[in-house]
Structure formats: structure tokens, C-alpha cells
Amino acid sequence: MSRRDDLSPDDRRIWARVAGSVTRARPKKAPRVIPGAAVVDPPAAPQPKAPGKARGVAPSWTPPAPAPARPRGHPEELEPRRQRRLSRERDPIEARIDLHGFGRFQAQDALTAFLLGAQARGYRSVLVITGQGRRGGAGVIRASVHEWLQGPALRGVVSGFAPAARHHGGDGALYVTIRRG
């Protein structure tokens, strides 16, 4: 006889309700590796006490060094809730830039100037349209825009970014949130 067979109907109902309320734990993200950042070794395992040491004396313990902090202002993925609010236009998209027809370097300059201007005007979220590229592959601008947004020129401007909803351009556009100036 299995464990489920000896449950009463009320017990089964309660168990089904409890089991339905449980959500699976999300796997932890791997730490980001930042080029040029100092590498911190994991703390060593505690050493066993020497047999001749006196009792009652607290061992000198130092807390482990904190993990190296990410450079301040590094843009992240948008929170899912914020991305959903932008896609449903509950949070307004205050400006847009379309990078179609620009060369790679022209697009980078135009994007940097646009985002700096948006921050100066106090905008909080903008839409960057990159296009999807030709012949089914990612275009040069679309492939480079993530790097530009995370680069040192825009690190103090961009707080996060995420792919846009289909009606805002889908894979060919990004929501970008801007830090307060």
C-alpha cells in the first residue's frame, strides 16, 4: 500500500492545495566575470585547533573579504515587471530613436547623443529601434547595441535594457531605462 492510498479525501484536497502553491526555486545565476577585476580566492577551510592551546581564548577570526563589487552603474536586464509595464505602456516611452540607415559608427554616436540628451531632459525610459538586419542574421547595429549600452560612455546613463514587445519592434528594438541625471 502506498502513502497516497491511506489519505482521506480531505487530506488529498489539502495536499493538492499545498502542492499547487509551491513554486520551483530559480537556479542561482553564475557570478559575472569582469575583465580586469581582482580575483578573490574562496576562504580557506577552518584549521583544526592545536592540541596545546589554552581553552577560553577566542581564536582570531577575520571575516572573509567581500566579493569584488560590480563597477557602479553597470546596466542590467530590466526587471520583468518593469518590462511588462513598458510593453503595455503603463510606464510611458518618452522618446524613440530609429537607427535604420546608419553605419555602425554613426549609429553609436547617434545613440550616445540621444541617450545623453534624454537623461538631460529627465526621461526615464526610451525605445531604441535597431532593426533586425538583413538576410535573416543579426545586423551590425543590433549585434553591437548591447556592447554600446554597457560601455563606459553610457555606464552612467543607462540603468537597464530589455528586448521590446512585438508591437514596439520585437527583436529589432530595445527598451532602455535611464538613470536620473
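**The nonpolar core and its surroundings**

Of the 22 residues that make up the largest nonpolar core, Leu111, Leu115, Val126, Leu149 and Val176 touch the most other members. At least two residues of this core are supplied by each of six elements: strand S2 (95-98), helix H3 (104-120), strand S3 (125-129), helix H4 (140-150), strand S4 (158-163) and strand S5 (173-178). The largest share comes from H3, with 6 residues. A general tendency provides the background here: in soluble globular proteins, nonpolar side chains tend to be buried together. The structure described is a predicted model, and the picture below should be read with that in mind.

It helps to set this core within the whole chain. The protein contains 4 helices and 5 strands, and from the N terminus on these elements follow the order α-β-α-β-α-β-α-β-β. Of its 181 residues, 28% count as buried.

Helix H4, one of the contributors to the core, also holds Ser144. Is Ser144 buried or exposed? With a relative accessible area of 7%, Ser144 is buried, because the limit for that class is under 20%. Ser144 can also be placed relative to Arg104: the two residues are 40 positions apart in sequence, while their C-alpha atoms are 8.2 Å apart in space. Arg104 falls at the start of the range given for helix H3 (104-120).

Beyond H4, the chain enters the loop between H4 and S4, where Gly156 is found. Gly156 has a relative accessible area of 47% and is therefore partly exposed. Its partner in space is Gln119, which lies 37 residues away in sequence and 9.8 Å away from C-alpha to C-alpha.

A further pair involves the segment after S5, which is the place of Arg179. Arg179 is partly exposed as well, at a relative accessible area of 26%. The C-alpha atoms of Arg179 and Gly122 are separated by 8.7 Å, although these positions lie 57 residues apart along the chain when counted as a sequence separation.

Turning to the surface, which residues form a nonpolar patch there? Ile14, Trp15, Val18 and Val22 do so, and together they have about 400 Å² of accessible area. Val18 belongs to helix H1 (residues 9-21). With a relative accessible area of 41%, Val18 is partly exposed, so this side chain meets the requirement of over 30% for patch members.

The surface also carries a patch of positive charge, in which Arg81, Arg84, Arg88 and Arg90 gather. Arg81 sits in helix H2 (residues 80-87). Why does Arg81 count as exposed? Its relative accessibility is 63%, and exposed residues are those over 50%.

Taken together, the model presents a core of 22 nonpolar residues, with a nonpolar patch on the surface that includes Val18 and a positively charged surface patch that includes Arg81.

Notes: Residues are numbered from 1 along each chain as its sequence is written. This is a predicted model: local features need pLDDT of at least 70, side-chain atom pairs count only at pLDDT 80 or more; totals for chains, interfaces and linings use all residues. Side-chain values use heavy atoms; hydrogens and water are left out. Patches are made of residues with over 30% relative accessible area and no salt bridge: like charges are joined within 9 Å, nonpolar side chains (Val, Leu, Ile, Met, Phe, Trp, Tyr) within 5 Å. Accessible areas come from the Shrake-Rupley method with a 1.4 Å probe; for residues, only the protein chains shown count as cover. A salt bridge is a side-chain nitrogen of Lys or Arg within 4 Å of a carboxyl oxygen of Asp or Glu. Lys and Arg count as positive and Asp and Glu as negative; His and the chain ends are not counted. The place of a charge is taken as NZ of Lys, CZ of Arg, CG of Asp or CD of Glu. Buried means under 20% relative accessible area, exposed over 50%, partly exposed in between (1.4 Å probe, protein chains only). A nonpolar core is a set of buried Ala, Val, Leu, Ile, Met, Phe, Trp, Tyr and Cys residues joined through side-chain atoms within 4.5 Å.
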